[in-house]
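Work through the exercises below with the sequence and the coordinates at hand. Each task is followed by a solution in steps.

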Amino acid sequence: MNTKSKRMSAAGLLIAIGIVYGDIGTSPLYVMKSIVTENGGIANVNRELIVGSISLILWTVTLLTTVKYVMIALKATNHGEGGIFSLYALVRKRAKWLVIPALIGGAALLADGTLTPAVTVTTSIEGLKNMRFGDVIPVPSQEVVIMITIIILVILFSIQRMGTSVIGKAFGPIMLVWFTFLGVVGIANLSHDWSLLEAINPIYAIRILFSPANKVGILILGSVFLATTGAEALYSDVGHVGKANIIGSWPYVFVCLSLNYLGQGAWILHNASYHAGNGDFNPFFEVVPSNLRLFAIALATIAAIIASQALITGSFTLVAEASSLKFLPRMNIIYPSTEKGQIYIPSINKMICVVTVAIVFLFRTSHHMEAAYGLAITVTMLMTTILLFEYLGKKGKPLYLRLIFLIAFAFIEGMFLISSLTKFLHGGYVTVLIAGFILAIMYVWFYGNKIRDKRESRNAYVRLDEYTDMLTNLSHDEDYPTYATNLVYMANVKYNKFIKREILYSILDKRPKRAKAYWFVTVNVTDEPYTAEYAVNTYGTKNVINVQLYLGFRKQTSVNVYLRQIVHELIADGTIEPQPQKYTTTPGRDVGDFSFVIVNDVISPQTQLVGYEKWLVEARVRLQNLSSNPASWFGLEYADTVIERVPLILGRPNPSYIKRIKPKDYSNAKK
């Protein structure tokens with residue numbers, strides 16, 4: 001388990017503040033703005049609306065973030081990792097159908113991660129719009145806002161390779177200043193009207209839903225929900241900082257957020273006649289004294305960048321877990337630091353960057369983005385609630401307590417989902433389309449594998465030790481040309497003896513591949529960062545070698561480099577036959593050439609699957625061939641690598657016979 005999950009430290013608290021709370025910490029930028037705008041503008045607000053709205057915000061954050069995620073969900077970690085996929089991994093044995101909420105929730109969360117960077121950065125840069133510095137207006141139009149936003153986003157995605165530890169150490173102090181700033185500004189405005197503290201009473205939250213002062217009725221929840229959209233990201237990022245540091249830092253963050261919402265409410269009530277000359281209105285920037293406005297905008301921009309960071313790092317974790325659960329194809333993962341929970345996935349980073357920039361171009365203003373924001377995350381929260389219900393059952397909690405939990409949170413989140421669905425035609429459809437696309441990929445990969453495993457012949461695996469004599473004879477059979485001195489297959493040898501038949505088919509059946517030595521290499525990634533060990537089994541031969549590599553998650557998987565050392569050592573101790581090189585630029589070289597073979601499946605025409613199952617398996621194979629080059633997983637980009645396609649036969653093929661007949665006699669045919 002990650003040591004950070006065991007103890008709290010000052011450095012850990014600072015890093016947690018730096019990389020976990022960015023999303024929820026920037027909610028004050030747009031929540032009150034959205035509530036006031038949806039209600040018809042500042043001229044249409046009154047005390048009942050403001051008190052009720054803030055009460056809704058405070059109790060939404062209390063119930064969904066504090067109770068559900070900080071107090072309950074953070075206990076449901078899988079080897080220190082959190083998030084909906086880790087939660088699914090803990091409960092998947094309880095029922096097969098639990099994969100459905102896991103797939104839906106994961107896809108929705110990944111989709112929401114593309115919108116968060118766009119809306120937060122755009123909102124903060126809009127604070128500069130039409131601000132005058134002397135005789136100059138640096139940001140005179142929305143087009144300039146868009147340009148600056150895109151530049152910031154591209155830079156943000158470019159630094160992801162540095163890792164969350166480096167970024168967290170840099171962002172931690174800044175976010176501490178940000179939350180302190182939120183609290184100080186909030187309490188400064190609240191000091192003009194302490195009576196606003198009555199919003200702490202939940203009765204006002206309930207009343208405003210049915211009050212005529214609230215012109216949108218229950219739909220106000222769509223704006224209120226924006227205050228807690230970072231809760232799921234908080235859970236996903238637990239592997240980066242540890243649960244103890246999140247639990248320890250959350251109370252300070254929550255108090256600062258609450259004070260800021262109360263302060264914005266106090267300002268709105270005392271400035272009901274306010275009129276924005278340029279049509280733009282954001283109470284967050286208005287509550288700040290004019291001489292601190294530029295500082296507030298700069299700080300908000302940095303905080304918005306950090307908000308994006310929380311979702312990006314959370315997306316990396318989710319994708320890595322999805323790959324391990326066989327929800328997504330395997331991807332090239334980089335570990336920038338010594339902490340296994342801190343990862344970087346180049347392909348995902350590029351995809352999120354492209355989609356986020358496209359969203360900025362599509363929506364153009366933060367107000368339009370807010371219409372789409374939050375819809376997908378409500379779905380994720382509902383799915384997490386279902387999985388947590390099962391997790392509590394696994395932990396032996398009484399059924400009545402589990403049902404109270406399920407009904408209470410499903411009702412609350414269901415209400416938020418209904419209110420968010422009204423935004424579907426105003427932009428919500430974008431996140432739904434993105435989530436649907438991701439869900440389709442995960443569905444195809446997961447169920448395509450299921451069908452393949454179910455329909456694959458029982459003879460798909462064979463015992464490697466039963467073929468050692470045949471391989472040894474082929475190695476010494478001079479009737480066949482030498483294919484390579486060392487023929488290496490990247491193959492998962494199970495229980496030190498079982499191997500897929502297609503591997504031996506590649507060697508023996510396609511065209512016998514003669515080699516001095518046949519290597520079957522399995523790469524095992526350990527939980528330690530710098531493990532570098534190997535074990536060999538030659539089955540009593542000098543030509544057939546099963547190598548189990550045990551590499552730490554930070555060790556570069558350059559299999560060809562490690563294998564060259566292994567060959568040299570095995571030759572030296574007489575385990576395998578010598579490989580003297582007659583022609584070489586390196587005097588005394590005793591290790592021959594290498595040829596690496598990676599086997600990919602293609603659907604055989606003999607496969608008997610039909611209809612839906614056949615389409616699903618074919619789509620899965622196409623995804624496999626479109627995903628990253630398998631050679632990159634093992635550091636073989638510059639080695640002599642061959643990608644072989646082997647026919648995959650699923651189901652029992654019906655034997656096909658053709659009848660032999662005599663040649664037709666055309667001797668009496670008319671000329």
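**Exercise 1. Strand pairing**

Task: Find which residue of β4 is the bridge partner of Asn486, and state in which sense strands β2 and β4 pair.

Solution.
Step 1. In this predicted model, Asn486 has Ala517 of β4 as its bridge partner.
Step 2. Strand β2 covers residues 482-490 and strand β4 residues 514-526. The two pair in the parallel sense, over seven bridges.
Step 3. A further pair can be read off at Met490, which stands opposite Val521 in β4.
Step 4. β4 is also joined to strand β6, residues 544-552, by nine bridges. β4 and β6 run parallel, and Val525 stands opposite Leu551 in β6.
Step 5. As for cover, seven of the nine residues of β2 are buried, and the strand is thus described as mostly covered.

**Exercise 2. Helices α5 and α6**

Task: Decide whether α5 and α6 are roughly parallel or roughly antiparallel to each other, and list the residues that make their contact.

Solution.
Step 1. Helix α5 spans residues 84-91 and helix α6 residues 99-126. They pack at an angle of about 175°, and their axes are 9 Å apart.
Step 2. Angles over 145 degrees count as roughly antiparallel, so α5 and α6 fall into that class.
Step 3. On the α5 side, the contact is made by Ile84, Phe85 and Tyr88. On the α6 side, Val99, Pro101, Ala102, Gly105 and Gly106 take part.
Step 4. Sorted by class, the residues of this contact are six nonpolar and two polar, with no charged residue.

**Exercise 3. Helices α4 and α13**

Task: State at what angle the axes of α4 and α13 cross, and how many residues of each class their contact has.

Solution.
Step 1. Helix α4 takes up residues 47-72 and helix α13 residues 243-269. Their axes cross at roughly 170° and come within 10 Å.
Step 2. α4 is therefore roughly antiparallel to α13.
Step 3. From α4, the contact draws on Arg47, Ile50, Ile54, Ile57, Leu58, Val61, Thr62, Thr65, Thr66 and Val70. From α13, these meet Ile247, Trp250, Phe254, Ser258, Tyr261, Leu262, Gly265, Ile268 and Leu269.
Step 4. The contact of α4 with α13 has 13 nonpolar residues, five polar and one charged.

**Exercise 4. Two helix residues and their distant partners**

Task: For Glu126 and Leu153, determine whether each counts as buried or exposed, and which residues each touches.

Solution.
Step 1. Glu126 lies in helix α6. Its relative accessibility is 17%, and the cut-off for buried is under 20%, so Glu126 counts as buried.
Step 2. Leaving aside residues up to four places away in sequence, Glu126 touches Lys33, Gln142, Val145, Thr365 and Ser366. Ser366 is 240 residues from Glu126 in sequence, yet the C-alpha to C-alpha distance is 8.1 Å.
Step 3. Leu153 belongs to helix α7, residues 142-158. With a relative accessible area of 0%, Leu153 is buried.
Step 4. With the same exclusion of residues up to four places away, Leu153 touches Pro117, Val121, Thr356 and Val360. Leu153 and Thr356 are 203 residues apart along the chain, and their C-alpha atoms are separated by 8.2 Å.

**Exercise 5. Positive phi outside glycine**

Task: State what phi values Lys326 and Arg364 have, and where each residue is found.

Solution.
Step 1. Lys326 is not a glycine, and its phi is positive, near 65°. Lys326 sits in the loop between α15 (293-324) and α16 (346-363).
Step 2. Arg364, also not a glycine, has a positive phi of about 70°. Arg364 is placed in the loop between α16 and α17 (366-372).
Step 3. The relative accessible area of Arg364 is 33%, so this residue is partly exposed.

**Exercise 6. The whole chain**

Task: State how many helices and strands the protein has, and what share of its residues count as buried.

Solution.
Step 1. The protein has 25 helices and eight strands.
Step 2. It has 671 residues, of which 56% count as buried.
Step 3. About 30,000 Å² is exposed, and carbon and sulfur atoms supply 60% of that area.
Step 4. Taking contacts between residues at least 6 apart in sequence, 83% join residues at least 24 apart.

Technical notes: Residues are numbered from 1 along each chain as its sequence is written. This is a predicted model: local features need pLDDT of at least 70, side-chain atom pairs count only at pLDDT 80 or more; totals for chains, interfaces and linings use all residues. Side-chain values use heavy atoms; hydrogens and water are left out. Axes are lines fitted to C-alpha atoms, for helices over the stretch in contact, and angles run from 0 to 180 degrees between N-to-C directions. Helices (H or I, at least four residues) and strands (E, at least two) are DSSP runs, numbered from the N terminus. Angles under 35 degrees count as roughly parallel, over 145 as roughly antiparallel, 65 to 115 as roughly perpendicular and the rest as oblique. Contact means heavy atoms within 4.5 Å. Ala, Val, Leu, Ile, Met, Phe, Trp, Tyr, Cys and Pro count as nonpolar, Asp, Glu, Lys and Arg as charged, and the others, Gly among them, as polar. Buried means under 20% relative accessible area, exposed over 50%, partly exposed in between (1.4 Å probe, protein chains only). Accessible areas come from the Shrake-Rupley method with a 1.4 Å probe; for residues, only the protein chains shown count as cover. Two strands pair if DSSP finds at least two bridges between them.
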